[in-house]
Structures are given as C-alpha cells and as structure tokens.
Amino acid sequence: MQGKRILLGITGGIAAYKIAFLIRLLKKSGAEVKCILTPASSDFISPLVVSTLSGNPVGIEFWNKEDGSWNNHVEYGLWADILVIAPLTANTMSKMATGSCDNLLLATYLSMKSKTIVAPAMDLDMYAHPTTSRNLAQLESDGVGIIPAEDGELASGLEGTGRMAEPETIFAKIEDYFESKKDPMIKGKKVIITAGPTYENIDPVRFIGNHSSGKMGFAIAERFLADGAEVVLISGPTKLQLEDANLTLVRVRTAEEMLTEVQKEWESCDFGVFSAAVADYRPADVAKEKIKKTEDEMSIRLIKNPDILLWAGENKKKQVLIGFALETNDLELNAQKKLHKKNLNFIVMNTLMDPGAGFGHDTNKISILDDRNNFRSFELKSKIEVAKDIIDYLKNYSS
Ligand code: C5P
C-alpha cells in the first residue's frame, strides 16, 4: 500500500472507535491517510486521535472556524486513490443514495474521481430494514463497493447482523481493490524511466544544469507502479521522493552516469520512457579546484554528451520506446525527425509556449505522435493525469 492515498470517511456510529486501528494498519503499510469526520462522529472518536494517527489535519466542516479557511471537497476528491467510509451509518447511507450533500463528507463523496467503498454498521433491525437493503442496492448500482456488516454482539446488547467488518477485513478489501486495478498488460512488466535534469560539472562547486523538476517522470513512475509494473527510475538531481516495493530509484548526476545506469537495465526491459532533460553538452575539462575570477572574460569549452535515448533506440529489440520532445519552435517537424532518428515507438511533445506546461509546473499539455503516423492532442492536465494518458496510449499501442 506504499504511497497509496486513502481518504477515510468516518460517520457517527459506535464502531467509529475501531477506525483508529484501521488508520494504524494503513499507515504501517506505507499508505498516506486523510480523514473526514461527519459532525456527529466526533462524539464517538476524537478528531485529535484521528489527526494524530493519520498525521494529517482532519476535515469536519466546509470551513475551519479558527482561521476561516475552506476545506475543499473537490481537492479531497482529486487527491484520494480511494474513499473508504467506515463505519457507514444508516443516515449517511441514505443521503449517499439520494445525492444529499449537507456535510463535507457527502460533498467529497460526490466529488470522488476514484472508487468509494463502505463498511455499514448499525443495529440488526436497522440493517434488516427494507429501506437499508434498498439504499445499499442503490449504492452498489452506483459503483460503490460494499463490505457487508458481520454477525455478532451489537452495541445495543442484541446479537445479529449489523457489526462493522473488522479493521483487518476492511484493510484486506482495500488491498484487493488496488490489486484488481493492476492492468494485466502492465503488471509484472519492467519499465525504465529517466527523469529530471542532469548536472554537468564545471569545477567542484559549479555545474551546467536546467530547470527540469523531474515531476513528469516521477508521475509516470507512480502510474506504472499503480498498474503493477516493476519500475527502474533513473533520476537526475531532484528533491522528489518516491517509495514502493516494486521501485528501484537510482539517483545520478551527469548524463554519462545516467547512460551507464540505463545500459545496465535496458536489455531486460519491456518499456522505456525517457523524460529526462539531459544536458546536450558538458564541459570538456572539469577544473579540480574552484575557478578563480581573474580575467574579465572566460570561456568554457563544451563537448557533446551521449544521447541516451538514441543509444536505447539503436539497441532496441522487443522494447517499446517513448521519448519526449520539448521545443520552442517547429514542434511537430522536430518531433517527427526525432521519432525516426532515435527509433522511437512514440514521442510525447510539449512546448514551453503553452501556459502551465513544461518545467516545474504541476500541469502539462502534451500531444503524442507515433511511428504509425497517428497524432493526438490532449488538454492541459495535472502531470499525474498526463502520466495516465501516456500509459493509456501505450496500452492501446501495444494491444
Ligand atoms: O534531442 P532532444 O534532446 O531534444 O531529445 C529529447 C529526448 O531525448 C527526451 O526524451 C530526452 O530524455 C532524450 N535525451 C536523452 N539523452 C540526451 C538528450 C536527450 O536521452 N543526451
């Protein structure tokens, strides 16, 4: 569950206290957890417990009374890989079934881009009531995953069906969901991704670099991992972090180091995505000591760096190879030339001219040209969504 973003919705039932254990299980497995409480649920579990265990502020109201700031349900919906509502009371269940939206959790449910699963909990007669069955059937047909209530002793002292599934069961269902989302075309496949800039040393304290943040390459790695790929991410200097059991993150500095790492892995690879902004040239000589400022002018002689993508294209066998093109003019013409010269399967184009696209931004606007002469333009999107578009294109291309 490393790196998965789990949004937990907690409603006002006695089983809410058990959610502390679920948060612990999720955090131990490496997931990121954020929680939204309905106003009634803080009578059953303290927001302080939830925020301390999850390591994140808790959302309850649409706005925070202390500082007047807004809890953005749309942002929650975009952030989460899954929304898990546990315990789900009869009240919130019926509101979800009818689209009612009078608290932050319900508004977030309606804003969710990803799956919602729920673990109902109530007294046996409430659970057995035809209204409850009807509401549950409605949620199911709306695509909500239901973790059925279990048999046993209830808070009322009665025995029957209505107990919330145990935290371990809910945890296992969340794991099953992520497992089921892995794409058979990508699952178990090996991918090399290059990301970030390269730094080419001038002397011990100076280098030639560029503004690449690495965000695009890291987002692509994240998407491949979500689909169950084995990812080797070879990154130039960046502050970004990523952890996953199926990820090997190799940090390099120069183009030559990046090439060496690519060469080690290329033969056993299925896909290569080369998104790094590799410096085309490096200083011919790296000064051993810091260069002093003596002259009014100085020049640095540059020599060509190896073209890593070209090397991969020349040594391509079964692999599908994807390159990137960042141009300021004649984008399509240059991309087409690159596609052929570097023996690529497809090329992802972006331009610094599009607002919000390119270096450092969280968004990007791309178009794709493939070696079968297909061309497709995409809207401006978050880099995570762009990564999904690129991988979807790859799946289509390879099927
Ligand atoms: O030729 P140009 O540098 O514009 O090509 C960009 C593409 O080539 C990107 O996919 C980039 O990662 C890759 N590249 C490379 N090694 C270089 C230069 C570019 O892998 N030395």
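User: A polar contact is a pair of N or O atoms within 3.5 Å. On that footing, how far is an oxygen atom of the ligand from a polar backbone atom of Leu 309?

Analyst: It is 2.9 Å, so the pair falls inside the 3.5 Å limit for a polar contact. Keep in mind that this is a predicted model.

User: How much of the ligand's accessible area does the protein cover?

Analyst: The protein covers 85% of it. On its own, the ligand has 450 Å² of accessible area.

User: What about Phe 274 and Ala 276? How far are their backbone N or O atoms from an oxygen atom of the ligand?

Analyst: For Phe 274, a backbone N or O atom lies 2.5 Å from a ligand oxygen. For Ala 276, the distance is 2.6 Å.

User: How many residues surround the ligand, and which are the closest?

Analyst: There are 13. The closest are Phe 274, Ala 276, Pro 306, Phe 324 and Lys 338.

User: How does that shell split by class?

Analyst: Seven residues are nonpolar, two are polar and four are charged.

User: Which helix and which strand each supply at least two residues of the shell?

Analyst: Helix H11, residues 308–314, and strand E16, residues 320–327.

User: Where does the ligand's space rank among the pockets?

Analyst: The ligand takes up the second largest pocket.

User: Switching to sheets. What is the strand order in the open sheet of five strands?

Analyst: The order runs E2-E1-E3-E4-E5, and the pairing is parallel.

User: Which strands stand at the edges?

Analyst: E2 (32–37) and E5 (145–146). Each has a single partner strand, so one side of each lacks a neighbour in the sheet.

User: How many bridges join E1 and E2?

Analyst: Six, with E1 spanning residues 5–10. Within that pair, Leu 7 stands opposite Lys 34 in E2.

User: And E6 with E7: parallel or antiparallel?

Analyst: Antiparallel, over four bridges. E6 covers residues 150–153 and E7 covers residues 159–163. Asp 151 stands opposite Thr 161 in E7.

User: What do E6 and E7 form, and what is the phi of Gly 157?

Analyst: They form a hairpin with five residues between the strands. Gly 157 sits in the turn, with a positive phi of about 95°.

User: Now backbone oddities. Is the peptide bond from Ala 86 to Pro 87 cis or trans?

Analyst: Cis, with omega near -10°. Pro 87 has its place in strand E3, residues 82–88.

User: What is the phi of Asn 343, and where does Asn 343 lie?

Analyst: Its phi is positive, about 55°, although Asn 343 is not a glycine. Asn 343 lies in the loop between helix H12 (331–341) and strand E17 (346–351).

Definitions and conventions: Residues are numbered from 1 along each chain as its sequence is written. This is a predicted model: local features need pLDDT of at least 70, side-chain atom pairs count only at pLDDT 80 or more; totals for chains, interfaces and linings use all residues. Side-chain values use heavy atoms; hydrogens and water are left out. A residue is near a molecule or strand if one of its heavy atoms lies within 4 Å of it. A polar contact is a pair of N or O atoms within 3.5 Å; within protein, one must be able to donate a hydrogen and the other to accept it, and residues adjacent in sequence count only if both atoms are side-chain atoms. Accessible areas come from the Shrake-Rupley method with a 1.4 Å probe; for residues, only the protein chains shown count as cover. On a 1 Å grid over the protein atoms alone, a cavity is a set of points where a 1.4 Å probe fits but cannot get out, and a pocket is an open set with protein on both sides within 12 Å along at least five of seven lines; lining residues have an atom within 4 Å of a point. A molecule sits in a cavity or pocket if more than half of its atoms lie within 2 Å of its grid points. Ala, Val, Leu, Ile, Met, Phe, Trp, Tyr, Cys and Pro count as nonpolar, Asp, Glu, Lys and Arg as charged, and the others, Gly among them, as polar. Two strands pair if DSSP finds at least two bridges between them.
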